[in-house]
Amino acid sequence: MNKSRIQRLVIQMKRFHLNKLVITSPTTIRYLTDVSISPGRRLFALVLDERGNTIFVSNRMFPLKEDCGAQILWYSDWDDGTEKLANLFSDGENVGIDHDFSAGFTFALMAQKPKVRFCPGSPAIDRVRMMKEHDEIELMRRSSAMNDDCMEHLIAYISGNLSERELADRLYSLGQEIGFDDHSGGAIISYGQNAIDAHHGPDESRLKSGDSIVMDFGFSYRGYRSDMTRTVFFQSASTALEKIYQTVLEAQLAAIQAVRPGVPFHFVDQVARDIICRAGYGEYFPHRVGHGIGLDVHEPPYVVGGNEMTLESGMIFSIEPGIYQPEVGGVRIEDLILVTEDGFENLNHYTKQLQIIK
């Protein structure tokens, strides 16, 4: 059990007026307890109360050890796991439920405890996880530095006879060679017109002269994620694509420069968006500017319009504006940014100068 993190979470529970908290996200459970279990569709929950006491509700099939540091309420496949969970709550309590708890379990729990007030619990969890500790920051620095190395080697490997899928396969091999745990669920490798799809999956497409090549990928190092994007061009770049590239780069650099404690997230998003809109590409920039990252590739906080939360030292998130113009092509540039006490630290260092691969 990580008692320091649990106590930080208890403080947030009080802030959100929660008597108990049901945690089912495997990532958050690992973050708090070092217990790593993938439960599939079976119920597996950690219950935390306002005094910091912890109880696992676990199927007997799960490899949870009795000396895990918390009380365990076991159930079998022929038992009602939600009943075991429901028995932990008293009428009139405010019980937070995280966003990973399935609707089926939630409705069953509400039916068994109609006088318990169930409410969102993830905001309390998010406030703890988004503030990275020193050891977490060091792991994120290392993960990002290794990702820089992957990008450098991958770009050097690009040739006209490689499909998107073949280039992605080479990337996965590079990740293993460099020492990553895994490739965080995939990569976006997009050639030419495929690059106007911000989340295109690698296929058998092959390069043509003048294509942009968008490479967006991340890996896991000791559980902590990296994520970066670079766009290069094959053999040549049209005037239109060069203009798009320089606009995206200007927007990304300006948004990064806006990062400092006390600034609201929506302002950072707006800085990048204003530059892209003034250049005439507003309709081709359909997504938020960035997302938090840590044990999960996408986690709070989010750099997006409407987010009034202010930046605080210890937060890490991406800055990744993009332009995706049909019949022209797509460009995205992404770095991970750490908020420091007086500004920011860019965790990625691979060049963002326009590159044409011959």
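Visitor: Where is the place of Pro 301?

Guide: Pro 301 sits in strand E13. Keep in mind that we are looking at a predicted model. A cis peptide bond links Pro 300 to Pro 301, with omega at about 5 degrees.

Visitor: Okay, let's zoom out. How many helices and strands are there in the chain?

Guide: The chain has nine helices and 19 strands. Along its principal axes, the C-alpha trace spans about 65 × 40 × 35 Å.

Visitor: What does the radius of gyration of the chain agree with?

Guide: Start from the rule for a compact globule: with 358 residues, the radius would be near 21 Å. The chain has 23 Å, which agrees. Contacts add to the picture: among those with a separation of 6 or more, 66% join residues 24 or more positions apart.

Visitor: And what share of the residues in the chain is buried?

Guide: Buried residues make up 57% of the 358. As for the outside, the accessible surface comes to about 15700 Å², and carbon and sulfur atoms own 49% of that.

Visitor: Which residues have the most contacts inside the largest nonpolar core?

Guide: Here's the general idea: in soluble globular proteins, nonpolar side chains tend to be buried together. In this structure the largest nonpolar core has 61 residues, and those with the most contacts inside it are Leu 9, Phe 56, Leu 64, Ile 158, Met 215 and Phe 217. Helix H6, residues 134-157, gives the most to this core, with eight residues. There's also a second, separate core of 33 residues, including Met 131, Ala 251, Val 259 and Phe 285.

Visitor: Can we take one core residue? What does Leu 64 touch?

Guide: Leaving out residues up to four places away in sequence, Leu 64 touches Val 35, Ile 37, Phe 44, Phe 56, Ser 58, Ile 72 and Trp 74.

Visitor: Now a helix. Which residues of H9 are buried?

Guide: First, the general idea: an α-helix has 3.6 residues a turn, so residues three or four places apart point the same way. In H9, the buried residues are Phe 265, Val 268, Asp 269, Val 271, Ala 272, Arg 273, Ile 275 and Ile 276. They pack against helix H8 and strands E13, E14 and E15, and E13 is where we met Pro 301. H9 runs over residues 265-278 and reaches 20 Å from its first C-alpha to its last, close to the 20 Å expected. Just after H9, Gly 280 takes a positive phi of about 95 degrees.

Visitor: What is phi of His 17, and is His 17 buried or exposed?

Guide: Phi of His 17 is near 60 degrees, a positive value in a residue other than glycine. His 17 lies in the loop between H1 and E1, and counts as exposed because its relative accessibility is 61%, over the 50% cut-off. Arg 222 also has a positive phi, near 50 degrees. You'll find Arg 222 in the loop between E9 and E10, and it is exposed too, at 59%.

Visitor: Is Phe 219 buried or exposed?

Guide: Phe 219 has 2% relative accessibility, so it counts as buried. Its place is in the loop between strands E8 and E9. Ser 143 is 76 residues from Phe 219 along the chain, yet their C-alpha atoms are separated by 7.4 Å.

Visitor: One last loop. Which backbone nitrogen lies 2.7 Å from a polar atom of the side chain of Asn 19?

Guide: That's the backbone nitrogen of Asn 94. Asn 19 lies in the loop between helix H1 and strand E1, and the residues it touches include Met 13, Leu 48 and Glu 93.

Notes:
Residues are numbered from 1 along each chain as its sequence is written. This is a predicted model: local features need pLDDT of at least 70, side-chain atom pairs count only at pLDDT 80 or more; totals for chains, interfaces and linings use all residues. Side-chain values use heavy atoms; hydrogens and water are left out. Helices (H or I, at least four residues) and strands (E, at least two) are DSSP runs, numbered from the N terminus. A polar contact is a pair of N or O atoms within 3.5 Å; within protein, one must be able to donate a hydrogen and the other to accept it, and residues adjacent in sequence count only if both atoms are side-chain atoms. Contact means heavy atoms within 4.5 Å. Buried means under 20% relative accessible area, exposed over 50%, partly exposed in between (1.4 Å probe, protein chains only). A nonpolar core is a set of buried Ala, Val, Leu, Ile, Met, Phe, Trp, Tyr and Cys residues joined through side-chain atoms within 4.5 Å. The radius of gyration is taken over C-alpha atoms; the globule rule is 2.2 Å times the number of residues to the power 0.38. Accessible areas come from the Shrake-Rupley method with a 1.4 Å probe; for residues, only the protein chains shown count as cover. The expected span of a helix is 1.5 Å times one less than its number of residues.
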